[in-house]
Amino acid sequence: MGIRVIPVGAKRQTLSIGQVLVREWIGKPLCSLPFGLGYMWVGWNKKKQGWQDLIAHTFVIREKRH
């Protein structure tokens with residue numbers, strides 16, 4: 001899809017296992033509970049982060065495919 005999840009403010013470009021678990025197991029279910037409001041939050045957030053990204057300290061970026 002040409003997107004990638006990276007950590008906020010880190011020099012490394014890979015997520016820790018803790019960030020993955022928090023984002024996938026806690027953040028995503030939390031986002032979908034109140035009518036998907038956590039996913040719609042991307043439209044209102046200046047940095048375009050959903051709740052799962054805010055909780056796990058991550059960003060989703062576009063990446064060129066080779």
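## A nonpolar surface patch and a tryptophan cluster

Eight residues form a nonpolar patch on the surface: Ile-17, Val-20, Leu-21, Trp-25, Ile-26, Leu-30, Leu-33 and Ile-55. Together they offer about 800 Å² of accessible area. The model is predicted. Helix H1, residues 17-32, supplies the largest share of the patch, with six residues.

Two of the patch members deserve a closer look. Trp-25 sits in helix H1. Its relative accessibility is 65%, so Trp-25 counts as exposed, the cut-off being over 50%. Val-20 is also placed in helix H1. Val-20 has a relative accessible area of 31% and is therefore partly exposed. Setting aside neighbours within four places in sequence, Val-20 is in contact with Leu-15 and Trp-25. The C-alpha atoms of Val-20 and Ala-56 are separated by 7.6 Å, although their positions lie 36 residues apart along the chain.

### Overall build

The protein has three helices and two strands. Along the sequence they follow the pattern β-α-α-α-β. The radius of gyration is 12 Å, close to the 11 Å that the globule rule gives for 66 residues, so the protein is as compact as a globular protein of that length. The C-alpha trace spans about 35 × 25 × 20 Å along its principal axes.

What share of the 66 residues is buried? Buried residues make up 24%. The protein exposes about 5,100 Å². Carbon and sulfur atoms supply 65% of that area. Among contacts with a separation of 6 or more, 51% are made by residues 24 or more positions apart.

### The tryptophan cluster

A pair of aromatic rings is described by the distance of the centres and the angle of the planes. A search of the whole structure finds two aromatic pairs. The table sets out both.

| Pair | Centre to centre | Angle between planes | Geometry |
|---|---|---|---|
| Trp-41 and Trp-44 | 6.2 Å | 65 degrees | edge-to-face |
| Trp-41 and Trp-51 | 6.3 Å | 50 degrees | tilted |

Why does the pair of Trp-41 and Trp-51 tie together parts that are apart in sequence? Trp-41 lies in the loop between H2 and H3, and Trp-51 in helix H3, so the pair ties together parts that are ten residues apart. Ring pairs link Trp-41, Trp-44 and Trp-51 into a cluster.

Two of these tryptophans can be placed by accessibility. Trp-41 is partly exposed, with a relative accessible area of 32%. Trp-44 reaches 56% relative accessibility and counts as exposed.

### Loops with positive phi

Which residue in the loop between helix H2 and helix H3 is described here for its backbone? That residue is Lys-48; helix H2 covers 37-40 and helix H3 covers 51-56. Lys-48 is not a glycine, yet its phi is positive, at about 60 degrees. Its relative accessible area of 48% makes Lys-48 partly exposed.

His-57 also has a positive phi of about 60 degrees, and again is not a glycine. His-57 lies in the loop between H3 and strand S2, residues 58-62. Is His-57 buried or exposed? With a relative accessible area of 53%, His-57 is exposed.

### Val-8 and its contacts

Val-8 occupies the loop between strand S1, residues 3-7, and H1. Val-8 is partly exposed, with a relative accessible area of 38%. Which residues does Val-8 touch, leaving aside neighbours within four places in sequence? Val-8 is in contact with Gln-49, His-57, Thr-58 and Phe-59. His-57, one of these contacts, is the residue with positive phi in the loop between H3 and strand S2.

Val-8 and Trp-44 are 36 residues apart in sequence. Their C-alpha atoms are 19 Å apart in space. Val-20 and Ala-56 are likewise 36 residues apart along the chain, with 7.6 Å between C-alpha atoms.

Technical notes
Residues are numbered from 1 along each chain as its sequence is written. This is a predicted model: local features need pLDDT of at least 70, side-chain atom pairs count only at pLDDT 80 or more; totals for chains, interfaces and linings use all residues. Side-chain values use heavy atoms; hydrogens and water are left out. Patches are made of residues with over 30% relative accessible area and no salt bridge: like charges are joined within 9 Å, nonpolar side chains (Val, Leu, Ile, Met, Phe, Trp, Tyr) within 5 Å. Accessible areas come from the Shrake-Rupley method with a 1.4 Å probe; for residues, only the protein chains shown count as cover. A salt bridge is a side-chain nitrogen of Lys or Arg within 4 Å of a carboxyl oxygen of Asp or Glu. Helices (H or I, at least four residues) and strands (E, at least two) are DSSP runs, numbered from the N terminus. Buried means under 20% relative accessible area, exposed over 50%, partly exposed in between (1.4 Å probe, protein chains only). The radius of gyration is taken over C-alpha atoms; the globule rule is 2.2 Å times the number of residues to the power 0.38. Contact means heavy atoms within 4.5 Å. Rings of Phe, Tyr and Trp (its six-membered ring) pair if their centres lie within 6.5 Å; planes under 30 degrees apart count as stacked, over 60 as edge-to-face and the rest as tilted.
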